[in-house]
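Subject: Structure for you to look at

Hello,

I am passing on a structure that I have been going through, and I would be glad if you opened it beside this message. My notes on the helices and the aromatic rings follow below it.

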Amino acid sequence: MLRVNEKELLTRFGFENPWWSNPDTLDRLLDGKRDRAYLPLFLDLVRKTEVRRAVVLMGPRRVGKTILLRQTIRALIQDDCVDPKAIFFASLENPIYRGWSLDRILQIFMRDRGLDRFAEFWAVFDEIQYLEEWEAHLKVMVDDYPNLRIIVSGSAAAALRMKSLESGAGRFTDFLLPPLLFAEYLDFIGETEAAEGDIDILNRHFFDYINFGGFPEAVLNPAIQGDMARYVAEDIVEKALLRDLPSLYGIDNPNELYRFFASMAYNSGQEVSLGELSKETGIPKNTVLKYFQFLEAAFLVHRLYRIDEHGQRPRREMGFKVYLTNPCLRAAMFSPVHDGDDPKVVGAMVETAVMAQVVQSSMIHDCYYARWRDGEIDLVLVNGTSGKPLRAEEFKWSDRVARDRSVVGNLISFAKRHSLRAAVISSKTHSETFEIDGIPVLCRPVARLCADHSDTARFILDVIGIHPRGNDPAHQDRAKVRERTMRRPANG
């Protein structure tokens, strides 16, 4: 059989690296592409060359990873004065690279350029998961080439994370690029001022975000917005579930996985259990559990676990809530959601949109929901060390709280039980701060809370005086993303 030869690889290298001959081609490739708010944070990580580690950029499909890599290359050339010919890029999703090892591809480039193992240059590999044993080769490359700076990306986020933890401990640094936050979405459409403006206008933007706002291309292209089913269901979800995950994990029945995900997407925000899902779908419990692991690996869903009124996890896990990490996946697979639709559906998708912001926080692993016989709290933040509840929030798409304080009954009861100094409840349009039984309660429109979580953070800081992870660099990075997004001009 014929096999791709080295000459053909070199030709491909030239095509994928046009800046070798003309650096201005990067501006043409990136024309019309908006910067993600995460770009400066990623550049800060890439530029820390004193630490010999490969940077692993992770995230779901179509959130802008390839564009971020090209923007990084442009910044290295234009801002850091790196020689364009010292930056090698390869998109490993292309079939021409199949059957070649990562190290072999690099050696072909180095031999063509006359570079030895001590040469200083950059290697950028996009969609690295398509190469066999990439993590082992990457680990060796970090060790063997002391002056090589390596950046790689991949779509199945947690799959890459697991492999990096197994094979590259101390040699890989992970960076997760999520779907657009609501604050980023407002920036992309040039409506950052809407976060503080007319709440009705902001709410309209909020539902647009729920329906198509998670993907940069969809936000900037009206044609995609008009055909989200094809763009998301076929180009993103089907490729992840029917191609990427089966190839990574050896899934025997990808169609069953796809149907399982469709069911989870339709029920985003609902409480489920392994036993219930097994009974409803006819899929064994062990397989259901594996499917959740796969879907989380593709950064498609997040599971939020339950605590009781005492703040304790059940000894036997009875249930958990499942959330899409990107709310527009449900709208694309089924139908758009509008204000005035079935309140249960609207409420679940509003809650999903809130969780899409929360899941990017460094605190997400300390977040739970509380449920007991007579009550429920949508989100509880606990101290990761002591397990003590620190903060409680309820998400509502109504203004009932303005006329009926009983809406916050569960919040107040939970706050008093755990000596919380404050509680938060969202609304549709109503803003107010009030006090019940000595517990200050912040009420803000849910769209405003999503657009600027610092509003809630300031309230908590004012009342409590501390933040559970105020010194956590990861948390500070997320705060920088929102702050940078909300402050920069609409034209980026």
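Two axes count as roughly perpendicular when the angle between them is 65 to 115 degrees. Please keep in mind that the model is predicted. Helix α14, which covers residues 274-281, packs against helix α15, residues 285-297, at an angle of about 105°, and their axes are 9 Å apart; the two helices are therefore roughly perpendicular to each other. On the α14 side the contact is made by Leu274, Gly275, Leu277 and Ser278, which meet Lys285, Val288, Leu289 and Phe292 of α15. Sorted by character, the residues of this contact are five nonpolar, two polar and one charged.

Phe292 also takes part in a ring pair. The centres of its ring and that of Phe320 lie 5.3 Å apart with the planes at 80°, and because planes over 60 degrees apart count as edge-to-face, this pair is edge-to-face. The pair links distant parts of the chain, since Phe292 belongs to helix α15 and Phe320 to strand β8 (residues 320-324), 28 residues apart. Phe292 has 0% relative accessibility and so counts as buried, and Phe320, at 3%, counts as buried too.

Elsewhere, ring pairs join Phe13, Trp20, Phe88, Tyr97, Phe109, Phe121 and Phe125 into a cluster. The ring of Trp20 has the charged end of Arg113 sitting over it, 4.0 Å from the ring's centre. Likewise, Arg405 lies over the face of Phe434, at 3.8 Å from the ring centre.

Best wishes

Key
Residues are numbered from 1 along each chain as its sequence is written. This is a predicted model: local features need pLDDT of at least 70, side-chain atom pairs count only at pLDDT 80 or more; totals for chains, interfaces and linings use all residues. Side-chain values use heavy atoms; hydrogens and water are left out. Axes are lines fitted to C-alpha atoms, for helices over the stretch in contact, and angles run from 0 to 180 degrees between N-to-C directions. Helices (H or I, at least four residues) and strands (E, at least two) are DSSP runs, numbered from the N terminus. Angles under 35 degrees count as roughly parallel, over 145 as roughly antiparallel, 65 to 115 as roughly perpendicular and the rest as oblique. Contact means heavy atoms within 4.5 Å. Ala, Val, Leu, Ile, Met, Phe, Trp, Tyr, Cys and Pro count as nonpolar, Asp, Glu, Lys and Arg as charged, and the others, Gly among them, as polar. Rings of Phe, Tyr and Trp (its six-membered ring) pair if their centres lie within 6.5 Å; planes under 30 degrees apart count as stacked, over 60 as edge-to-face and the rest as tilted. Buried means under 20% relative accessible area, exposed over 50%, partly exposed in between (1.4 Å probe, protein chains only). A charge sits over a ring if NZ of Lys or CZ of Arg is within 6 Å of the ring centre and within 35 degrees of the ring normal.
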